[in-house]
Amino acid sequence: MSTTMTLDTSGTAAVPFGRLLKVELRKSWDTRAGLWLVGSIVAITAVVMVVVFLVSDSDERTFGNFVGAAYAPQSVLLPVLGILLVTSEWSQRTAMVTFALEPSRSRVVAAKTAAAMILGAGAFVAAVGLAALATLLGGADDGFRGFEWVDTVPFLLLQLFTVLQGLAYGLLWLNTPAAIVTFFGLPIVMNLVFTLVDWLRDAAAWVDLTTAQLPLFENDIDLSGEQWAQLGSTVLLWIVVPFVLGWLRLLRAEVK
Amino acid sequence: MIEVQGLTRRYGDFLAVDDVTFSCEPGKVTGFLGPNGAGKTTTMRVMVGLTAPTRGRVTIGGHAYRDIPNPGRHVGVLLDAGAQHGGRTGREILQLGAATMGLPDSRVDEMLAMVSLSPKEAKRRMRNYSLGMKQRLGIAHALLGDPSVLILDEPANGLDPAGIRWMRDLLRGYAQRGGTVLLSSHLLNEVELIADEMVLIGQGKIVAQGDKRSLLASRGGGTLAVSQDNAALAEQLRRQGFEVAPAGDGLRVGADAAEVGRVALEARVVLTELRPSGGGLEDIFLELTGGTQREQVAGAGTGTTVDTGANA
C-alpha cells in the first residue's frame with residue numbers, strides 16, 4: 001500500500017490564541033440573540049444618558065454623572081453575556097465542535113475569559129463614549145469639570161468583575177437558567193442573611209461581594225488597605241473560586 | 001490510520017464500549033455498523049477526545065487526537081449534524097470553523113458548492129434546515145480543513161436516496177484519493193452501499209469485521225434456489241454434502257450458484273430461480289447483534305426486514 005499509516009503533523013502549527021479569541025468574540029454576536037444582547041447593552045447605555053439629561057438640573061449634567069448612570073443597567077446585562085459565552089455552547093451543543101477543533105479545553109476557557117474581558121471593557125468604552133457625547137451635546141457648560149480618567153477606573157473594574165463572575169457561574173453550572181438564577185439570586189440571599197444576622201454584619205465586607213464593592217461605587221479608587229483586602233477576599237470567594245471549580249469541571253466533563 | 005485498542009468505556013454499571021479493537025486503513029471506507037445504543041457514538045466520541053475512555057486508547061495516524069495540532073486540518077469530524085447553534089446561518093457555521101482553522105472564506109464557498117447548498121440556503125438559519133440539509137452542512141464542516149481522515153457518525157441519517165448516492169460517491173472518491181473514512185450507521189443498507197470494510201458492533205462488543213465478501217464467506221453465504229421439484233433437488237444436494245435448508249418456496253444452499261446448477265442438472269430438476277441468497281448480510285447483522293435488538297427478530301432467518309432504528 002502506497003498510502004501512509006501515520007499522520008504527518010510536523011507542518012501544522014497549533015491554532016494561535018488570537019484566532020481562538022477572535023472566534024469566541026464572533027460567537028457572542030453572530031446569532032440574533034447574541035446581537036440583541038450586545039446591542040441592548042449599548043442601546044440601554046444610550047437611553048440612560050437621555051434619562052439623566054431629562055431628570056437632572058443643568059449643572060448636574062456632568063460627564064461623571066453620565067458615566068456613573070451607565071453602570072447599573074450595564075451590570076444587569078454584562079453577566080448574562082459572560083454566562084452565555086459558556087452555557088450557549090452546552091445548550092446548543094456546539095461544544096462538541098469547539099472542542100473537536102481545539103482539544104485543549106483550557107485554551108478555549110482562556111479565550112472565552114479574554115473575550116469576556118474585552119466585552120466588559122467594550123461596555124465601558126461605550127459608556128465613556130456615549131457619556132462624552134451626551135456631555136458635549138447637552139451637558140452643563142463646564143461638564144467635564146474636575147474629571148480625571150482615574151475616576152473611571154472603579155467603573156471599569158466593576159464591569160470586568162461582573163462579566164467574569166457571569167463567566168465563572170456559566171462554567172460552574174454549564175446551564176443558562178441555573179447560572180442566571182445563581183448570579184442574581186445569590187446577592188439577594190446574601191443581603192438578607194447579612195442584614196438579619198447580627199454577628200455576620202461586621203464580617204459582611206469580607207464575605208459579601210456587593211458590600212465589598214460599595215467603596216468602588218462611589219467612584220473612588222483610593223481604597224484603604226483594608227478595603228482592598230476585602231475586595232480581594234470577596235473576588236476570590238465569588239469569582240475566582242467558582243471560576244476554578246467550573247474550569248476543573250469543564251476539563252473533566254463529557255462533551256455531549 | 002485509525003487504531004482503536006482495547007477501548008472500554010463504563011458508565012456506572014453500564015458497559016457502553018467493551019474492549020473494542022479495530023483499525024481503519026487509508027484508501028478505504030470503513031463502516032461502523034450496529035443497532036442503536038451499541039456503542040458506536042461513544043467509541044467515536046472517545047476518538048476525538050470528547051469522552052474519556054475507561055481503558056484502552058485510540059490513535060489517529062499514530063497520535064492521540066489531543067496531540068494533533070490544529071486537528072481540523074487533519075481529521076474531519078461530524079458527530080451530530082444538529083449540534084450547531086440553530087440561530088447561526090449555515091454559512092456562519094462554516095465561517096467559524098474556517099476562522100478557527102485559519103482558512104480563507106473562499107474555502108467556505110467551495111465547501112457549500114460541494115455539498116450543493118445554494119448561497120440562498122447558506123444564508124438561512126440552521127434551525128430552519130431539514131435533516132438532510134443539516135447533514136450536508138455537517139459534511140461540509142468536516143471537509144473544511146481538507147483532512148486526510150474523516151470520522152462521521154450517522155452521516156447518511158436523513159438523506160434521501162439521491163443524497164445517499166451522492167454521499168457514497170463523495171466518500172468513495174475521497175477514499176480513492178488516499179483518505180481514511182470511518183462512518184457509522186445503524187442501517188445495513190447504507191453501510192453496504194458505501195463501505196469497503198465493515199466493523200459490526202453489538203452491546204459494546206465487536207462481533208465481526210471484514211469486507212462484505214469475507215463476512216459472507218465466514219457465515220457460509222449461500223444461494224437461493226427454487227425449482228420444480230425442491231425435494232429431489234434437496235436430496236441430491238445433501239447427498240453431495242451441501243447444506244440445505246428450506247427458505248420461502250425454495251431452498252437455501254451452502255454452495256455457489258454454479259454448483260447448485262450442476263447438481264440440478266445431474267438431478268434433472270428444472271430450476272426456476274437461482275441467485276445468491278438475498279439478505280445474507282442482513283441475516284448476519286441481525287444474528288450477530290440479535291441480543292441487543294429491542295425487537296424480537298422472529299424472521300431473522302428468512303430475510304425479513306426489521307427496522308431497528310425507529311424508536312431508539
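With how many C-beta neighbours inside 10 Å does Val240(A) count as partly exposed? The first view gives the count, and the later ones move on through both chains of this predicted model.

**View 1. Val240(A) and a partner far along the chain.** Val240(A) has 14 C-beta neighbours inside 10 Å. That places Val240(A) in the partly exposed class, because a residue needs 20 or more such neighbours to be buried and 12 or fewer to be exposed. You will find Val240(A) in helix α11 of chain A, which covers residues 225–252. Look for Ala168(A) as well: 72 residues separate Ala168(A) from Val240(A) along the chain, yet their C-alpha atoms are 7.6 Å apart.

**View 2. Chain A, helix by helix.** Here is the setting for the previous close-up. Chain A holds eleven helices and zero strands, so its string of elements reads α-α-α-α-α-α-α-α-α-α-α from the N terminus. The C-alpha trace of chain A spans about 85 × 50 × 30 Å along its principal axes. Of the 256 residues in chain A, 39% are buried. Among contacts in chain A with a separation of 6 or more, 80% link residues 24 or more positions apart.

**View 3. Helix α3(A) and its kink.** Helix α3 of chain A takes in residues 63–91. Does the length of its 29 residues agree or disagree with a rise of 1.5 Å a residue? The expected span is 42 Å and the end C-alpha atoms lie 41 Å apart, so the two agree. Even so, α3(A) has a kink of about 45°, centred on Gln74(A). This helix is mostly covered, with 22 of its 29 residues buried.

**View 4. Arg93(A), after the helix.** Following α3(A) comes Arg93(A), in the loop that leads from α3 to α4 (95–101) of chain A. Its phi is positive, about 65°, although Arg93(A) is not a glycine. Most residues other than glycine have a negative phi, which makes a positive value worth a look. Arg93(A) counts as partly exposed because it has 17 C-beta neighbours inside 10 Å.

**View 5. Gln203(B), in a loop between strands.** Now over to chain B, where Gln203(B) sits in the loop between β8 (197–202) and β9 (205–211). Gln203(B) is another residue other than glycine with a positive phi, near 50°. It is partly exposed, since 17 other C-beta atoms lie within 10 Å.

**View 6. The two domains of chain B.** Domain 1 of chain B covers 2–210, and domain 2 covers 222–276. Their C-alpha centres are 43 Å apart.

**View 7. A four-stranded open sheet in chain B.** Which strands stand at the edges? The order is β11-β12-β10-β13 (chain B), with antiparallel pairing. β11 (244–247) and β13 (271–276) of chain B are the edge strands; each has a single partner, so one side of each lacks a neighbour in the sheet. From one strand to the next, the twist averages 25°. Five bridges join β10 (residues 223–227) of chain B to β13(B) in the antiparallel sense, and Val226(B) has Glu273(B) as its bridge partner in β13(B).

**View 8. Helices on the sheet.** Helix α9 of chain B (residues 230–239) packs on the sheet and touches β10, β11 and β12 (250–253) of chain B. The direction of α9 makes about 15° with that of β12(B). Helix α10 of chain B (residues 257–267) also packs on the sheet, touching β10, β12 and β13 of chain B. The direction of α10 makes about 160° with that of β13(B).

Technical notes
Residues are numbered from 1 along each chain as its sequence is written. Chains are lettered from A and ligands numbered from 1 in the order in which they are written. This is a predicted model: local features need pLDDT of at least 70, side-chain atom pairs count only at pLDDT 80 or more; totals for chains, interfaces and linings use all residues. Helices (H or I, at least four residues) and strands (E, at least two) are DSSP runs, numbered from the N terminus. Two residues are in contact if their C-beta atoms, placed from the backbone, lie within 7 Å. Domain bounds come from an automatic or database domain assignment. Two strands pair if DSSP finds at least two bridges between them. Axes are lines fitted to C-alpha atoms, for helices over the stretch in contact, and angles run from 0 to 180 degrees between N-to-C directions. The expected span of a helix is 1.5 Å times one less than its number of residues. The bend at a residue is the angle between axes fitted to the seven residues ending there and the seven starting there.
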